[in-house]
Amino acid sequence: MNGQNGIDLASRILGGSVVAASDESFGVKERLVDPAEPAFVPGTYDLRGEVVDGWETRRHAGPEGDWAIVRLGAPGVVHTVDVDTRFFSGNHPTACRVDACALGLAQDPTAPGVGWTPLTEWTALKPDSVNNLAVADHRRWTHVRLRLASDGGVARLRVHGEVLPDPAEFCDVSVEVSGLEQGGRVEWSSDSFYSDASALIRPDRPRTMGDGWETRRRRDIGPETHDAVLISFAVPTDLRRLEVDTSWFVFNASREVSVLASRHRPDLNGWAMVPFDVPVLDRTPLAADTRHRFAVAVDDVCALRVQAYPDGGLARVRAIGTPTAAGMELLRARWDEAR
């Protein structure tokens, strides 16, 4: 979900949806935004032919090629697009281009009058590979269109970037500022042996023990031994509520948690040099398989360091508050720049 160039704005985890496609004879279009990695079992057939984990069109698409339109789960600024052709080799598309547009929720992206803006040039695609395409246009988009120069199959479409919320949705209300949908990001974690810490800020409820952050078992346990994760907010915020969820972690939940905050953003040295010196939650025992809610009162912070003692698992962390006046000005400025 998190990548070097941001989060996957198209992921089904955020509510991304493939709303239309020119054809899906061999592989359904919805696979494009599946958060799971693609897989393939050779020699497995159904009524469509050999079973593929991706979107695959019929042969002989014609001179216009094929296309699929994705409504981003969270509108935002796109940095790179990954057109993943893994397990498609003799049947991968020859080339592709990615376009984008900004529409309201009720507008039809297939309508003739929609103004599509190219995000990439036509680019040859490698078979059975991750194809990363850089994007230089840093405006805010709601939909992307993958255009193929031919027929063929694509396993996944990842649209990496940063969420840019509408300032109107943040004004005078409490917001889950840590959440992916609101521009929250997992910037670093001490360990991701069993599962990635980016799951902590997903908008949905955990459904299994694998749908959370689980670290390896520490063997050097001491009074201060702990794992940790850094979560940043889109804008500075006055925090009023904190939720630490250990759902599904029955025998391996973290025993205790403490939370520190920062009022600083990183410079060129990154988050490693940012001080987390604002107490939010003292070291507190956790129950297994439980949603814990804490009332807090901490003003003007932009990131959290969640410390889990000594190791184990957390399912979700939710930080809720109201953006500061300066935070709202920052968000409005970013909104204006990206339109």
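This passage walks through the nonpolar core, the ring contacts and two individual residues of a predicted model.

Local features rest on pLDDT of at least 70 and side-chain atom pairs on pLDDT 80 or more, while totals for chains, interfaces and linings take in all residues. Residues are numbered from 1 along each chain as its sequence is written, and side-chain values use heavy atoms, with hydrogens and water left out.

The core comes first. A nonpolar core here is a set of buried Ala, Val, Leu, Ile, Met, Phe, Trp, Tyr and Cys residues joined through side-chain atoms within 4.5 Å; buried means under 20% relative accessible area, exposed over 50%, and partly exposed in between (1.4 Å probe, protein chains only). The largest such core holds 70 residues, and Leu304 is among those with the most contacts inside it, along with Val83, Val144, Leu146, Leu157 and Leu242. Setting aside neighbours within four places in sequence, Leu304 is in contact (heavy atoms within 4.5 Å) with a list of residues including Ile231, Phe233, Leu242, Phe276 and Ala319. In soluble globular proteins, nonpolar side chains tend to be buried together.

On to the rings. Rings of Phe, Tyr and Trp (its six-membered ring) pair if their centres lie within 6.5 Å, with planes under 30 degrees apart called stacked, over 60 edge-to-face and the rest tilted. The whole structure yields 3 aromatic pairs. One of them joins Phe40 and Phe87, tilted at 40 degrees with 6.0 Å centre to centre. These two sit 47 residues apart, Phe40 in the loop between strands E3 and E4 and Phe87 in the loop between strands E7 and E8; strands (E, at least two residues) and helices (H or I, at least four) are DSSP runs numbered from the N terminus. Both partners are partly exposed, Phe40 at 27% and Phe87 at 40%. Trp271 and Phe276 make another pair, with centres 6.3 Å apart and planes at 35 degrees, so this one is tilted too. Here the partners are buried, Trp271 at 13% and Phe276 at 14%.

Two single residues round things off. His160, in strand E14 (residues 156–163), is buried at 15% relative accessible area. Beyond its neighbours within four places in sequence, His160 touches Asn5, Asp8, His79 and Asp82, among others. Ala168 lies in the loop between E14 and strand E15 and counts as exposed at 59%. Although 164 residues separate Ala168 from Arg332 in sequence, their C-alpha atoms are 9.1 Å apart.
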